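Work through the exercises below with the sequence and the structure in view. Each task is followed by its solution.

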Amino acid sequence: MQYTWSDIKQHIASCTHCPLSLSRQRPVMGRGDYKADIMLIAEAPGAQEDQQGIPFVGRSGEILDSLLKDCGLSRDEIYITNILKCHPPGNRDPKEEEKEACFPYLKYETFLLRPRIIVCLGRVAAQRIISPDFKITREHGAWTERKHCLMTATYHPSAILRDPSKYEIVKKDFCEIARKRAEMMPGQLVV
Ligand code: URA
């Protein structure tokens, strides 16, 4: 059976596959352009995302918007989602069983979107998507190709909140992502 975006949204809205469904306020489905070439995958919704049911609406979201803008990108032309669709209390790392329970949703999102570029934001996403031993400090900005999809990872915007000197490093990674997209899809603007 072929799921649609609306099917996935409904499944996520009523999901009880792990105990986070008992503590969440609202599940947070991915958002953005359903025809985007670029898919950003982060870790899990924070407290503000949990309140609003929308990814990256808190302080990390402000940083993300600024990074995108600096590289000539915007949320309207990308798709942003998380490994977990529900907020882990206290922003703790997602548990293995939570990641496993939630993974089918990410698979369906990826299947429907068919992105040309996947960008993992932070260690948790990079280790789940690219490689279990991925080291973000050493390997951020590196590219790998899988099933005709280019993949890379950079620091999570919350790392910039803790250490503002990382902004320029992440900006460089984002600008390279914009350049890669322009290279793959001539006609896209690069700043
Ligand atoms: N941090 C994340 O990893 N995801 C969000 O949606 C917000 C903050």
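**Exercise 1.** Which residues form a disulfide, and how far apart are their sulfur atoms?

Solution. The model is predicted: local features need pLDDT of at least 70, side-chain atom pairs count only at pLDDT 80 or more, and totals for chains, interfaces and linings use all residues. Residues are numbered from 1 along each chain as its sequence is written, and side-chain values use heavy atoms, with hydrogens and water left out.

Step 1: apply the rule that a disulfide is a pair of cysteine sulfur atoms within 2.5 Å. The count comes to 1 disulfide.
Step 2: name the pair. Cys-71 and Cys-175 have sulfur atoms 2.3 Å apart.
Step 3: find the hand. The torsion about the S-S bond of Cys-71 and Cys-175 is about -85 degrees, so the disulfide is left-handed.

**Exercise 2.** List the polar contacts of the ligand with Glu-43, Phe-56 and His-156.

Solution. Step 1: a polar contact with the ligand is a pair of N or O atoms within 3.5 Å.
Step 2: take the backbone. A polar backbone atom of Glu-43 is 3.2 Å from a ligand oxygen, and a polar backbone atom of Phe-56 is 3.2 Å from a ligand oxygen.
Step 3: take the side chain. His-156 places a polar side-chain atom 2.8 Å from an oxygen of the ligand.

**Exercise 3.** Which residues is Ile-129 in contact with, leaving aside neighbours within four places in sequence?

Solution. Contact means heavy atoms within 4.5 Å. The partners of Ile-129 are Ile-41, Ile-83, Phe-103, Leu-106, Ile-118, Cys-120, Arg-146 and Met-151.

Methods
Polar contact = N/O pair within 3.5 Å; in protein donor to acceptor, adjacent residues only side chain to side chain.
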